[in-house]
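Here is a short round of questions and answers. Keep the sequence and the 3D view at hand.

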Amino acid sequence: MKGLFLTVLRMGISASYLILAVVAARFLLKKAPKGIICMLWAVVGLRLLCPFPVETAFSLLPEQTGPFASQMDSTELAVQGEAVPEAPLLPDTGLPQAGTGKVEGKQAGGASRGETAAAWIWMAGAACMAAYMLWSWYRLRRQVSEAVPSWAGGIRFYQCAAVSSPFLFGLAAPKIYVPFSVSGQELFYILKHEQAHKKRYDHLSKVAGYLILSIYWFQPLVWAAYLLFCRDIELACDESVVKEIGEGCKKAYSQALLSNSLKHNAGVVYPVAFGEVGVKNRVKHILKYKKPGCLAIFAAAAVCVAVALCFATEAKSKRTVQAQPDITGYTKNLDAVKACVEKWAKAFCGRDAKAIYGMLDGTGRKQLSDAGMLDGEHSFGWSSPWPWDVDVLDGQQNYRILSVDEESAEILYYAWTSDPHVTVWHQSIAYEYAGGADGMAVYSTQLEILDSIHTAGQFFTAYPDGAIDGTRMDYYHGNGAGEALNRNALQNGYWDVLSQPETAAVFLLNIQDDPSVVKVARTGQDGETAVTFTFLEDGSTASVKMVQLAGKKSIWVPQTKK
């Protein structure tokens, strides 16, 4: 939810420039058909809904950086999952202590908690807005429950004593409701106006606009856009009626509006229905209205297209890479690139801030800094869980490089906690390489923490080809984790979980413990069994062999080869 909230913040900031541009265009194009202005409001709505920005060379928007940067930007840092500081590693696990990273973990955790709290407040506000819409729908539905159907001028409508002003209400089959007091020529004009709403599908666009407002309830400019949008669709319908009947009806039509206007702004009170809003300004507009010529229409359309191109799109992303000798001469020597990726992975595990900082370009440094993972050349990462650099223990690294090419690499990291327990992190890095041992400039980092696996795709990302043996997830062969966990199982309360193959497989392989998402089944017994996971999202399955580590009175651990 936190990631969704940050995305909404970014989209709201970007759309703010468009809203201001539409307000300016609305002021400049006073004599333009309001239908064209309504199209600009539709562009605003689409911009607020679309998480994927359209890039053009015409955009005048400033580039967003930091946590509000575009998710489609190639300099994106996507971290899925939260890092929560834990206790230092236990001495009897044979693993190193957390060290000074504990302070950094608290700082990152504090920022994460603040963002999470803001996300919950945003969600609560959106829920209240949606609840108000449902309540207003229910209230209007009750008011018109005894409406009487009638016809006038070939238009079907419903008369109701419980309403004080005419309005259009409904979604799939909207109906026109009028009080019994409306009759004669006034009824004719009112029905024409509400019928214009129906023909333009305003009953759908207004509800859509309110739902968008519910998402961006914290953004004042979106409130202003919604209110102006409600006024402009009324003006567009007024123009449609005058254009259909003729300009000779303007005075009579204006009188009909004045006679049936509410004392309050129904556009705000009832987000699901149409009433007569802003009647004073509408009457002035109607009396001054003249059918625009082709040139005026063309000029207004051109301005609107320019506004959409310049403010509804974003500038093509630009990367600034540190100056390197012969930056265009990419090497064909993959061994040199692999050495740089190896250096990156080792520095990542060792939380070597100076080395990481040196391998990032300016944008990469900014992204990692804003994510709370990098403090200049002073510190990097958090305390625990972390893929510690423990090659001094058994000759194995806490990372596995899956693939390397001239522009990108994929790496698995094995992050440890004090239980001990291991989670898998999947990282993709994108870089530009200019040669030499220090020629890699990383500009994009994506990190997925696979601590709640619920799809087959995630399973085989964490355990490529289903292989566990020989990796840092191997609790059975020689990394010391299995033996330490077996010794600590009673003390840390994990014996009940690890004494059964199914629950041990779920826990040790970081499978989401939810039978509605992943079903777990076992076959076999006597110290060796197969556990099968069925991922209900797509029906895919994965199996592992579970064995008892040291006889019948020991814990179960996975043992799976290619």
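Q: Which strand holds Leu447, and is Leu447 buried or exposed?
A: This is a predicted model, where local features need pLDDT of at least 70, side-chain atom pairs count only at pLDDT 80 or more, and totals for chains, interfaces and linings use all residues. Residues are numbered from 1 along each chain as its sequence is written, and side-chain values use heavy atoms, with hydrogens and water left out. Leu447 lies in strand β14, residues 440-450 (strands are DSSP runs of E, at least two residues, numbered from the N terminus). Its relative accessibility is 3%, and buried means under 20% (exposed is over 50%, partly exposed in between; 1.4 Å probe, protein chains only), so Leu447 is buried.

Q: How far apart in space are Leu447 and Ile411?
A: In sequence, 36 residues separate Leu447 and Ile411. From C-alpha to C-alpha, the distance is 9.5 Å.

Q: What span should helix α4 have, and how far apart are its end C-alpha atoms?
A: Helix α4 covers residues 184-199, 16 in number. Helices are DSSP runs of H or I, at least four residues. The expected span is 1.5 Å times one less than the number of residues. That gives 22 Å, which agrees with end C-alpha atoms 23 Å apart.

Q: Which residue follows α4 with a positive phi?
A: The phi is near 60°. The residue is Tyr201.

Q: Is Phe58 buried or exposed?
A: Phe58 is found in the loop between β1 (55-56) and β2 (77-80). Its relative accessible area is 52%, so Phe58 is exposed.
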